[in-house]
Protein chains: 2
Amino acid sequence: MLSAKTQYAIHALTFLGEHYQEGFIPINQIAEIRKIPAKFLEAILLELRKAGILGSKAGKNGGYYLLRHPREIPLVQIMRLMDGPIALLPCVSKMFYEPCRLCPYPESSCSIRKIFLEVRDATLEVIEGKSLQDLMQSGNSYESDFVI
Amino acid sequence: MLSAKTQYAIHALTFLGEHYQEGFIPINQIAEIRKIPAKFLEAILLELRKAGILGSKAGKNGGYYLLRHPREIPLVQIMRLMDGPIALLPCVSKMFYEPCRLCPYPESSCSIRKIFLEVRDATLEVIEGKSLQDLMQSGNSYESDFVI
DNA sequence: ATATTACCTACTAAAACGATAGGAATTGTA
DNA sequence: TACAATTCCTATCGTTTTAGTAGGTAATAT
């Protein structure tokens, strides 16, 4: 299951997506509207900024904003950043690979590994194409895709 | 990621699968060969027995055994029993459904939900067909599928 | 100056996870 | 019958992870 952190991140980002290019949005506004504990959200947004997804400005009228168009922010990036691996076993993880501790036989011939590689591929098949935009409620505010 | 518990369960079950219909296998033998902490394994096997996957006999020459042919033990059952939901969000879980706490809008129109429903379906697509037999190393002991 | 905001580090409480302890009950065998 | 080998069962424990809070510092607009 996705952690609360990841879910909070998704909800905060969709909110920012729905206010893309509308200036700086302060933490408290996001927290209040999306019902996220403000201090926890603070830590999450900080992390998203450090990962190059968000920009920020301190001080009065400051806040956060998306650095890229929602379509250019991949869902997998958010998930990996918050929760780590997509795969169900370390030995089939693309970005967080680790050898299997239990399996005595070589990976190449491990039936367990083979199945969970299939699972990972099926999962990635679905989510690799998805962006923040796909997570946003359709028919809302920012769908002007063709601003020059 | 799968918990250690689930991974231990899988390894223990494949071992039992490879010794299907060979009588009672004691915990310690499984633990030693598959490198699983014996007491932890004890708790796991107990749970698998209570779920109707394993049978057991106490006392001398006792031990555990598969109640059904490995082909008749679905991978999903093992996973759900040990780790809970397959889905990444409670609101798209088949067996552990819970409504979403964060989403204000109705489930039917939630884009987030829609995507993670796709993920769940893709995952199930892969694993629902799989059985313990598929987890076992092929070419080993029990492949007499056509006993009578 | 002041108010508002992000930034940062540390901390805490609760839950989950991984594992262990120890005794009761069951069973085969000498 | 005594004993050894086993499952059964409950409780406990230590660590890690998760979720969330506290409180001060720095930046910025007015």
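Q: How many residues of chain A are in contact with how many residues of chain B?
A: The model is predicted: local features need pLDDT of at least 70, side-chain atom pairs count only at pLDDT 80 or more, and totals for chains, interfaces and linings use all residues. Residues are numbered from 1 along each chain as its sequence is written, while chains are lettered from A and ligands numbered from 1 in the order in which they are written. Contact requires that the C-beta atoms of two residues, placed from the backbone, lie within 7 Å. The residues of chain A that meet this with chain B number 27, and those of chain B in contact with them number 27.

Q: Which helix supplies the largest share of the side of chain A that touches chain B?
A: Helices and strands are DSSP runs numbered from the N terminus (H or I, at least four residues, for helices; E, at least two, for strands). At least two residues of this side come from each of α1, α5 (111-127) and α6 (132-135) of chain A. The largest share is 10 residues, and its source is α5(A).

Q: How do the residues of that side of chain A divide into nonpolar, polar and charged?
A: Ala, Val, Leu, Ile, Met, Phe, Trp, Tyr, Cys and Pro count as nonpolar, Asp, Glu, Lys and Arg as charged, and the others, Gly among them, as polar. On the side of chain A that touches chain B, the division is 16 nonpolar, six polar and five charged.

Q: By what turn can chain A be laid on chain B?
A: Copies are superposed by least squares on the C-alpha atoms of residues with pLDDT of at least 70 in both. The superposition has an RMSD of 0.1 Å and a shift of 0.0 Å along the axis, with a turn of 180°. That is why the relation is that of a two-fold axis. Ala122(A) is the residue of chain A that comes closest to the rotation axis, at 2.8 Å (C-alpha), and the turn about the axis is 180°.

Q: On how many sides of α5(B) do its buried residues lie?
A: A residue is buried if 20 or more other C-beta atoms lie within 10 Å of its own, exposed if 12 or fewer, and partly exposed in between, with C-beta atoms placed from the backbone. In α5(B) the buried residues include Ile112(B), Phe116(B), Val119(B) and Arg120(B). The arc, taken from the directions from the helix axis to the C-beta atoms, is only 140°, so they lie on the same side of α5(B).

Q: Which helix of chain B is included in what covers the buried residues of α5(B)?
A: The cover includes α1, α5 and α6 of chain A. From chain B it includes α4 (75-83).

Q: Which residues are exposed on the other side of α2(A)?
A: The buried residues of α2 (27-34) of chain A are Ile27(A), Ile30(A) and Ala31(A). Their arc around the axis is only 100°, so they share the same side of α2(A). These buried residues pack against α1 and α3 of chain A. On the other side, the exposed residues are Asn28(A) and Glu32(A).

Q: How many residues surround DNA strand D?
A: A residue is near a strand if its C-beta atom, placed from the backbone, lies within 6 Å of it. The closest to DNA strand D are Ser3(A), Ala4(A), Pro37(A), Lys39(A) and Gly59(A). The residues of this surface divide into 10 nonpolar, eight polar and seven charged. The number that surround DNA strand D is 25.
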